[in-house]
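Work through the exercises below with the sequence and the coordinates at hand, and try each task before reading its solution.

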Amino acid sequence: MGRYFKRKWLQSNISGGINLRNKLHKKEYDKTRYKENKEILVKQHNVWCKNNRGKATLYMKKWRSNNKDKLSEQNKRYRLKNSIKLHDYNRNRSKEQKLRCYNHYSNYNIKCNCCGERRIEFLSIDHIYDNGKERRKIHAHGRRLYSWIIRNNFPNEFQILCMNCNFAKGHDKNHICPHLKELIVIDRVCIA
Ligand SMILES: [Zn+2]
Ligand SMILES: [Zn+2]
């Protein structure tokens with residue numbers, strides 16, 4: 001884009017004797033030129049970006065780091081203007097991510113890994129190794145946990161448990177759900 005403006009500007013202004021160093025004037029000229037030729041210029045820019053991906057990303061990185069304040073203000077304005085849309089989008093996305101995690105950890109047969117509870121409203125993600133407190137410092141919790149799990153390619157430290165089993169397991173000395181304890185007792189009686 002820059003080159004296009006410069007060439008056009010030089011063509012039309014050099015003979016007119018306007019001071020070439022007049023940056024303000026050039027800026028205004030660029031703006032009007034851009035508005036007049038927006039479609040062509042955007043197309044040209046997109047083609048250039050496709051052909052020079054490395055350069056384009058480098059340029060964008062540099063621009064972002066130099067315009068942090070401007071960007072955060074833009075983001076703020078956008079979030080304010082589109083708050084409802086964004087809220088819906090985030091909710092749908094985290095629902096989808098939750099389902100993906102549940103499907104992965106229950107082998108596409110979503111249920112509690114202990115008692116078999118199938119109602120998704122009762123289910124939760126559990127840290128198998130009972131190190132939830134430590135792990136929560138490393139990864140996020142709540143809704144953000146799902147995106148963390150997906151980003152980290154579904155680590156083996158999680159399972160699906162219903163709230164009852166999760167809670168009971170968490171409050172047991174040996175971190176064993178009463179369901180499992182009962183099974184152990186029955187096993188012992190059977191063996192005896
Ligand atoms: Zn359960
Ligand atoms: Zn249980």
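The exercises go from the overall make-up of the chain to a helix pair, a core and single loop residues.

This is a predicted model, in which local features need pLDDT of at least 70 and side-chain atom pairs count only at pLDDT 80 or more, while totals for chains, interfaces and linings use all residues. Residues are numbered from 1 along each chain as its sequence is written, and chains are lettered from A, with ligands numbered from 1, in the order in which they are written.

**Exercise 1.** Determine how many helices and strands there are in the chain, and in what order the elements run.

*Solution.* Start from the DSSP runs, taking H or I over at least four residues as a helix and E over at least two as a strand, numbered from the N terminus. There are ten helices and two strands in the chain, and from the N terminus on the order is α-α-α-α-α-α-β-α-α-β-α-α. Next, take a residue as buried if 20 or more other C-beta atoms (placed from the backbone) lie within 10 Å of its own, as exposed if 12 or fewer do, and as partly exposed in between; on this count 8% of the 192 residues are buried.

**Exercise 2.** Describe how helix α6 and helix α8 pack, and which residues make the contact.

*Solution.* First fit axes to the C-alpha atoms over the stretch in contact, with angles running from 0 to 180 degrees between N-to-C directions. Helix α6 (residues 83–105) and helix α8 (residues 143–151) then pack at about 55°, and their axes are 9 Å apart. The pair is therefore oblique, a class left over once angles under 35 degrees are called roughly parallel, over 145 roughly antiparallel and 65 to 115 roughly perpendicular. With contact meaning C-beta atoms, placed from the backbone, within 7 Å, α6 contributes Ser-94, Gln-97, Lys-98, Arg-100 and Cys-101, whereas α8 contributes Arg-143, Tyr-146, Ser-147, Ile-149 and Ile-150.

**Exercise 3.** Identify which members of the largest nonpolar core touch the most other members, and which element gives the most residues.

*Solution.* Such a core is a set of buried Ala, Val, Leu, Ile, Met, Phe, Trp, Tyr and Cys residues joined through C-beta atoms within 7 Å. Among its 13 residues, Cys-112, Cys-114, Ile-160, Leu-161, Cys-162 and Cys-165 touch the most other members. Two or more residues come from each of α6, α8, β2 (158–162) and α9 (163–171), and β2 gives the most, with three. Finally, leaving out residues up to four places away in sequence, the residues that Leu-161 touches include Ser-124, Asp-126, Asn-166 and Lys-169.

**Exercise 4.** For Asn-107 and Phe-154, find where each lies and whether it counts as buried, exposed or partly exposed.

*Solution.* Begin with the expected backbone: most residues other than glycine have a negative phi. Asn-107, in the loop between α6 and β1 (123–127), has a positive phi of about 55° although it is not a glycine, and it counts as exposed because it has 8 C-beta neighbours inside 10 Å. Phe-154, in the loop between α8 and β2, has a positive phi near 50°, and its 13 C-beta neighbours inside 10 Å make Phe-154 partly exposed.

How values were computed:
Contact = placed C-beta atoms within 7 Å.
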